[in-house]
Amino acid sequence: MNYVKINGKSFDVNVAISDYSETFNVLDGKNAGRVIAKGRMIRDVIGTYIGHSVTFFNKGGVVGNKAFDDLWDLLVQNSVKDSVVLEAADGQSQISYEAYYTTGTRRIKTVTDGVNYWDELSVNFIPMEAQYLP
């Protein structure tokens, strides 16, 4: 299930996903570190953060190109806001969380009659809060 919605908007009809990965990061607080005597790690777990890296692609044609431009515009316009709500596949179900992103990259495929047709758009969504707490 390659499923993604951004702020409730789905781009599944004219934009598809070519690469999709899910990550988790466990963050420790300031009290984490190694004990000098034996080198044992002392954890100070803040929580586990599940994020997603998604590469979208243009399914083609003028309609797909507009949808792809709309996705780019939505991401750029929301980039100055605190976060977006991401709904994404997680295991065999889905997860919804506030996420931020700091970069987006798109690659041009071709230019036809003065129209840019973009090939892929990659974004890393980073959760604002931990989904799992100790």
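**Exercise 1.** Which residues are linked with R107 in a network of salt bridges?

*Solution.* The model is a predicted one, and the positions discussed here are to be read in that light. In this model, the network of salt bridges links R107, D119 and E120. To follow one of its connections, begin with the side chains of R107 and D119, which meet in a salt bridge with an N to O distance of 3.1 Å. Next, place the two partners: R107 belongs to strand 9 (residues 104-112) and D119 to strand 10, so the pair ties together parts that are 12 residues apart in sequence. Finally, consider the surface: R107 has a relative accessibility of 47% and therefore counts as partly exposed, since that class ends where exposed begins, at over 50%.

**Exercise 2.** Determine how many salt bridges the model holds, and work out what the bridge between R43 and D28 ties together.

*Solution.* The count comes to 5 salt bridges. One of them is formed by the side chains of R43 and D28, at 3.0 Å from N to O. Because R43 lies in the loop between strand 5 (41-42) and strand 6, while D28 lies in strand 3, this pair ties together parts that are 15 residues apart in sequence. The accessibility of each partner can then be added: R43 is partly exposed at 48%, and D28 is likewise partly exposed, with a relative accessible area of 28%.

R43 also serves as a reference point for G33, a residue of strand 4 (residues 33-34). G33 and R43 are 10 residues apart in sequence, and their C-alpha atoms are 6.8 Å apart in space. Beyond its neighbours up to four places away in sequence, G33 touches R40, M41 and I42, and its relative accessible area of 26% makes G33 partly exposed.

**Exercise 3.** Describe the salt bridge between D70 and K66, and state where in the fold both residues lie.

*Solution.* The closest N and O atoms of D70 and K66 are 3.0 Å apart. Both residues lie in helix 1, where their separation of 4 residues amounts to about one turn of the helix. As to accessibility, D70 is partly exposed at 30%, whereas K66, at 52%, counts as exposed.

**Exercise 4.** Identify the members of the largest nonpolar core that touch the most other members, and find which element gives the largest share.

*Solution.* The core has 23 residues, of which I6, F56, L75, L86 and F125 touch the most other members. The elements that give two or more residues to this core are strand 1 (4-6), strand 3 (15-28), strand 6, helix 1 (61-78), strand 7 (84-90), strand 8 (93-100) and strand 10 (115-127). Helix 1 supplies the largest share, 5 residues. I6 can be taken as an example: leaving aside neighbours within four places in sequence, I6 is in contact with F56, L71, L74, L75, V84, V85, L86 and F125. As background, nonpolar side chains tend to be buried together in soluble globular proteins.

**Exercise 5.** Is N58 buried or exposed, and which side chain does its own side chain join in a polar contact?

*Solution.* N58 is found in strand 6 (residues 45-58). The relative accessibility of N58 is 9%, so this residue counts as buried, the cut-off for that class being under 20%. The side chain of N58 is joined to that of N65 by a polar contact of 3.2 Å. When residues up to four places away in sequence are not counted, N58 touches N14, G64, N65, F68, Y117, W118 and D119. D119 has already appeared in this set of exercises, as a member of the network with R107 and E120.

Technical notes:
Residues numbered from 1 in each chain as written. Predicted model: local features only at pLDDT ≥ 70, side-chain atom pairs only at ≥ 80, totals over all residues. Heavy atoms only, no water. Buried < 20%, exposed > 50% of the residue type's maximum accessible area, 1.4 Å probe, protein only. Polar contact = N/O pair within 3.5 Å; in protein donor to acceptor, adjacent residues only side chain to side chain. Contact = heavy atoms within 4.5 Å. Core = buried A, V, L, I, M, F, W, Y, C linked by side-chain atoms within 4.5 Å. Salt bridge = Lys/Arg side-chain N within 4 Å of Asp/Glu carboxyl O.
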